[in-house]
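Visitor: I would like a close look at one part of this protein. Please take me through it slowly and explain the terms as they come up.

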Amino acid sequence: MERRYTFIVNPISGGKPKDGIISLIKKEFDQSCCEIVETKGPGDATRIARESSSDIVVAVGGDGTVSEVAGGLTGSGKALGIIACGIAYNYVREALAHGGPDCTLLKVSQYPLPESKIVEL
């Protein structure tokens, strides 16, 4: 069975446009098993994550976006992926340091992590 992905993109996280990341996602993932949804305001990422029928829900943004997506997935049994493109990456650091929720880092920009912590799905 093919995995299904939902990428929840916060277009304003980190103060940079996400066009490049969205293009990369479209290039690397088969669009028949991939959905890309941009948030419009607070609470959107939680709602989108909760309503997603995908196996893997990927937060594309900063700490706030990751936190919202994780909250929406609580108890769902779905995997959380992270493409960190905010400013501080505190959530990512904590998740890795303490084994946090089952996080898979698909791509991390601007934050140095050991290669062993970055996993491709």
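Guide: A good place to start is the right-handed β-α-β unit made by S3, H3 and S4. A crossover is called right-handed if, with the strands pointing away from the viewer, the path from the first strand over the helix to the second runs clockwise. Helices (H or I, at least four residues) and strands (E, at least two) are DSSP runs, numbered from the N terminus.

This is a predicted model, in which local features need pLDDT of at least 70, side-chain atom pairs count only at pLDDT 80 or more, and totals for chains, interfaces and linings use all residues. Residues are numbered from 1 along each chain as its sequence is written, and side-chain values use heavy atoms, with hydrogens and water left out.

The two strands of the unit, S3 and S4, run parallel and are joined by 6 bridges; two strands pair if DSSP finds at least two bridges between them. Within this pairing, Val 60 stands opposite Ile 83 in S4. Strand S4 (residues 79-84) has 5 of its 6 residues buried, so it is largely enclosed by the rest of the structure. Buried means under 20% relative accessible area, exposed over 50%, and partly exposed in between (1.4 Å probe, protein chains only).

The unit also contributes to a core. The largest nonpolar core has 14 residues, and those with the most contacts inside it are Ile 8, Ala 49, Val 57, Val 69, Leu 73 and Leu 80. Such a core is a set of buried Ala, Val, Leu, Ile, Met, Phe, Trp, Tyr and Cys residues joined through side-chain atoms within 4.5 Å. H2, S3, H3 and S4 are the elements that give two or more residues to this core, and H3 gives the most, with 4 residues. A second, separate core of 13 residues includes Ile 22, Ile 25, Val 58 and Val 60.

Ile 8 shows how these parts meet. Leaving aside neighbours within four places in sequence, its contacts (heavy atoms within 4.5 Å) include Ala 49, Val 57, Val 60 and Val 69.

Helix H2 is next. Its buried residues are Asp 44, Ala 45, Thr 46, Ile 48 and Ala 49. What covers them includes strand S1 (5-9), strand S2 (34-38), strand S3 (56-61) and helix H3 (63-73).

Strand S1 leads to a group of rings. Tyr 5, Phe 7 and Phe 29 form one aromatic cluster. Rings of Phe, Tyr and Trp (its six-membered ring) pair if their centres lie within 6.5 Å; planes under 30 degrees apart count as stacked, over 60 as edge-to-face and the rest as tilted. By this rule the count comes to 3 aromatic pairs. Tyr 5 and Phe 29 are edge-to-face, at 4.8 Å centre to centre with 65° between the planes. For Phe 7 and Phe 29 the ring centres are 5.0 Å apart and the planes are at 65°, so this pair is edge-to-face. Phe 7 is counted as buried because its relative accessibility is 0%.

Finally, confidence. The pLDDT, the predictor's confidence in each residue from 0 to 100, averages 77 over the protein chain, and 69% of the residues score at least 70. Helix H2 (residues 44-51) has the highest mean, 97, and strand S5 (residues 103-108) the lowest, 44. Over residues 100-121 the pLDDT is below 50. Where pLDDT is low, the predicted coordinates should not be read in detail.
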